[in-house]
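Visitor: Before we begin, I would like to hear the reasoning behind each label you use, and not only the label itself. Could you take me through this structure in that way?

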Amino acid sequence: MKHSYMIKKTLLDKNVNKIQHVFMTDGSSQVLEMSNEKMATHFVEVMNNNTDSGCVYEVITVKNKKNKKYYE
């Protein structure tokens with residue numbers, strides 16, 4: 001897999017009046033990682049169309065590079 005796709009959620013924390021960026025998790029506290037770009041993009045579109053709190057979702061592309069020292 002050359003790339004994987006994660007979903008970043010951007011929101012305004014009104015308690016401290018700062019913008020926060022968080023990665024979505026998969027329900028078991030692991031960062032949600034998808035291998036299909038179309039699926040990730042569709043998911044982001046659905047989330048952005050259904051947000052009522054002003055959050056913005058975007059796809060983050062992660063380049064998966066084999067690090068030789070981990071595979072020896």
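Guide: Let us start with Gln20, which touches Lys9, Thr10, Leu11 and Asp13 once residues up to four places away in sequence are set aside. Please keep in mind throughout that this is a predicted model.

Visitor: What makes the link between the side chains of Gln20 and Asp13 a polar contact?

Guide: The side chains of Gln20 and Asp13 are joined at 3.3 Å, and a polar contact requires a pair of N or O atoms within 3.5 Å, so the pair qualifies by definition.

Visitor: Why is Gln20 called partly exposed?

Guide: Gln20 has a relative accessibility of 33%, and because partly exposed covers the range between the 20% limit for buried and the 50% limit for exposed, Gln20 counts as partly exposed. Its place is in strand β2, residues 18-23. As for its distance from Phe43, the two are 23 residues apart in sequence and 20 Å apart in space, C-alpha to C-alpha.

Visitor: How do you know that β1 and β2 are paired strands?

Guide: Six bridges join β1 to β2, and two strands pair if at least two bridges are found between them, so the condition is met. The two strands run antiparallel, with Asp13 standing opposite Lys18 in β2, and they form a hairpin with four residues between them.

Visitor: Which other strands does β1 pair with?

Guide: Eight bridges join β1 to strand β4, residues 56-63, and this pair runs antiparallel; here Lys8 stands opposite Glu58 in β4. With strand β3, residues 33-34, β1 pairs in the antiparallel sense over two bridges, which is enough because the definition asks for at least two. In that pair Tyr5 stands opposite Met34 in β3.

Visitor: Why is Lys8 called buried?

Guide: The relative accessible area of Lys8 is 18%, and buried means under 20%, so Lys8 falls on the buried side of the cut-off. Lys8 lies in strand β1, and, leaving out residues up to four places away in sequence, Lys8 touches His21, Val22, Phe23, Val56, Tyr57, Glu58 and Ile60.

Visitor: Is Leu12 buried, partly exposed or exposed, and what makes it so?

Guide: Leu12 also lies in strand β1, but its relative accessible area is 45%, and because a value between 20% and 50% means partly exposed, Leu12 receives that label. Apart from neighbours within four places in sequence, Leu12 is in contact with Asn17, Lys18 and Ile19. The C-alpha atoms of Leu12 and Lys66, 54 residues apart along the chain, are separated by 36 Å.

Visitor: What makes the phi of Asn17 worth pointing out?

Guide: Most residues other than glycine have a negative phi. Asn17 has a positive phi of about 55° although it is not a glycine, and its place is in the loop between β1 and β2. Asn17 counts as exposed because its relative accessibility is 60%, where exposed means over 50%. Ser29, whose place is in the loop between β2 and β3, has a positive phi of about 65° and is not a glycine either; at 65% relative accessibility, Ser29 counts as exposed.

Visitor: Which residues make up the largest nonpolar core?

Guide: This core has nine residues in all, namely Tyr5, Ile7, Met24, Leu32, Met34, Ala40, Val44, Cys55 and Tyr57. The elements that give two or more residues to the core are β1 (3-13) and α1 (37-50). One of the core residues, Ala40, touches Tyr5, Ile7, Met34 and Val59, not counting residues up to four places away in sequence.

Visitor: How does the radius of gyration of the chain stand against that of a compact globule?

Guide: A compact globule of 72 residues would have a radius of gyration near 11 Å, but the chain has 15 Å. The C-alpha atoms fill a box of roughly 50 × 30 × 20 Å along the principal axes, and 19% of the 72 residues count as buried. The chain itself has one helix and four strands, which follow the pattern β-β-β-α-β along the sequence.

Methods: Residues numbered from 1 in each chain as written. Predicted model: local features only at pLDDT ≥ 70, side-chain atom pairs only at ≥ 80, totals over all residues. Heavy atoms only, no water. Core = buried A, V, L, I, M, F, W, Y, C linked by side-chain atoms within 4.5 Å. Buried < 20%, exposed > 50% of the residue type's maximum accessible area, 1.4 Å probe, protein only. Contact = heavy atoms within 4.5 Å. Polar contact = N/O pair within 3.5 Å; in protein donor to acceptor, adjacent residues only side chain to side chain. Rg over C-alpha atoms; globule rule 2.2 N^0.38 Å.
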